[in-house]
Amino acid sequence: MAERLANRLRFEREFRGWTQAELAARVGVSRKTINTIENGVFIPSTLTALKIAESFERPVEYLFSVVED
Amino acid sequence: MHDIHDIEEAERLGRARSRIFSVLAVVFFAGQSMYFASSPETRDSHARVGAWLILVILMLLLLATGGFLLRGRKVRDLLNDEGSRLNRLASQALGFWVTVLSALALYVDSMFEPVSFNEGVHILVTLGVGAALISFAAREARAHRLG
């Protein structure tokens, strides 16, 4: 069975009223990278995942989870 | 926290980069089509080979660095963040496979029709570098477009 990484980035970002560019500025990556992570196209490195979690003040395992298709 | 203006500039430059790379690859392939369509006697003039060589070196430099070397460090780091670096690596891998498979095809072809060393290198480098550049431009354009 195929596994993929699901995330709650868009939900958390929109809940705070942040744009992708604002989240990108907090994390220190480009808007394009936030965009591809939100859409599940790109799996971020541990470093970036931790920085995103820090920006949202949420545990990384809350933001990212492995799901089976 | 990064400056939002740096994020916006990196975004603008990233979009421009994928367009510039696409156009450069199309111009490159069009130029090489004309090169191979011309007669072998006039094909290998110093000017034509020199222009090809300069373009190839420029494209390799762009593929290796991501371009925009004169921009500030912060913007360049954003422009070449881990998403772009991964796209670049995937494109370079594609360039490698295109080169190897083209070399195999050329090897088989040379059994039926002689291919000079210079012609062979020209074909392989053109296909490998061109494919890598187009692939990088397409991956970056897709990443900008999603959402």
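## A loop residue to start with

Phe68(B) sits in the loop that links α3 and α4 of chain B. This is a predicted model, and in it Phe68(B) has a positive phi of about 55 degrees, even though it isn't a glycine. Is Phe68(B) buried, exposed or partly exposed? It counts as partly exposed, because it has 19 C-beta neighbours inside 10 Å, and being buried takes 20 or more.

Chain A has a residue with a backbone like that too. Glu57(A) is not a glycine either, yet its phi is positive, at about 55 degrees. You'll find Glu57(A) in the loop between α4 and α5 (60-63) of chain A. Glu57(A) counts as exposed because just 7 C-beta neighbours fall inside 10 Å, and the limit for exposed is 12 or fewer.

## Chain B at a glance

Chain B has 6 helices and 0 strands, so to speak a run of α-α-α-α-α-α as you read along the sequence. Its C-alpha atoms fill a box of roughly 60 × 30 × 25 Å along the principal axes. Of its 147 residues, 27% count as buried.

Now for how the chain touches itself. Take the contacts in chain B between residues at least 6 apart in sequence: 83% of them join residues at least 24 apart.

## Two helices side by side

Have a look at helix α5 (residues 82-109) and helix α6 (residues 117-145), both of chain B. Their axes come within 8 Å and cross at roughly 150 degrees. That angle is over 145, which means α5(B) and α6(B) are roughly antiparallel. The crossing of this pair, α5(B) and α6(B), is right-handed. Sorted by class, the contact of α5(B) with α6(B) has 13 nonpolar, 11 polar and 3 charged residues.

## Where the chains meet

How many residues of chain A are in contact with chain B? There are 18, and they meet 19 residues of chain B. On chain A's side, α2 (20-27) and α3 (31-38) each supply at least two of the residues that touch chain B. That side of chain A has 6 nonpolar, 8 polar and 4 charged residues.

## The nonpolar cores

In soluble globular proteins, nonpolar side chains tend to be buried together. Here, the largest nonpolar core has 17 residues, and Ala24(A) and Leu78(B) touch the most other members. Both chains chip in: the elements giving two or more residues are α2, α3 and α4 (46-56) of chain A, along with α1 (4-37) and α4 (73-79) of chain B. Which helix gives the most to this core? That's α2(A), with 4 residues.

Leu78(B) reaches across to the other chain. Leaving out residues up to four places away in sequence, Leu78(B) touches Val29(A) and Ser30(A), plus Asp6(B), Ile7(B) and Ala10(B). There's also a second, separate core of 13 residues, with Ala25(B), Phe28(B), Leu133(B) and Phe136(B) among them.

## Following Met59(B)

Met59(B) belongs to helix α3 (residues 46-65) of chain B. Why does Met59(B) count as buried? Because 20 other C-beta atoms lie within 10 Å of its own, and 20 or more is what being buried takes.

Setting aside neighbours within four places in sequence, Met59(B) is in contact with Leu24(B), Phe28(B), Val129(B) and Leu133(B). Two of these contacts, Phe28(B) and Leu133(B), are also members of the second core. Met59(B) and Leu133(B) are 74 residues apart in sequence, but their C-alpha atoms are 7.4 Å apart in space.

Conventions: Residues are numbered from 1 along each chain as its sequence is written. Chains are lettered from A and ligands numbered from 1 in the order in which they are written. This is a predicted model: local features need pLDDT of at least 70, side-chain atom pairs count only at pLDDT 80 or more; totals for chains, interfaces and linings use all residues. Axes are lines fitted to C-alpha atoms, for helices over the stretch in contact, and angles run from 0 to 180 degrees between N-to-C directions. Angles under 35 degrees count as roughly parallel, over 145 as roughly antiparallel, 65 to 115 as roughly perpendicular and the rest as oblique. A crossing is left-handed if the near helix is turned anticlockwise from the far one by less than a right angle, and right-handed if clockwise. Ala, Val, Leu, Ile, Met, Phe, Trp, Tyr, Cys and Pro count as nonpolar, Asp, Glu, Lys and Arg as charged, and the others, Gly among them, as polar. Two residues are in contact if their C-beta atoms, placed from the backbone, lie within 7 Å. A nonpolar core is a set of buried Ala, Val, Leu, Ile, Met, Phe, Trp, Tyr and Cys residues joined through C-beta atoms within 7 Å.
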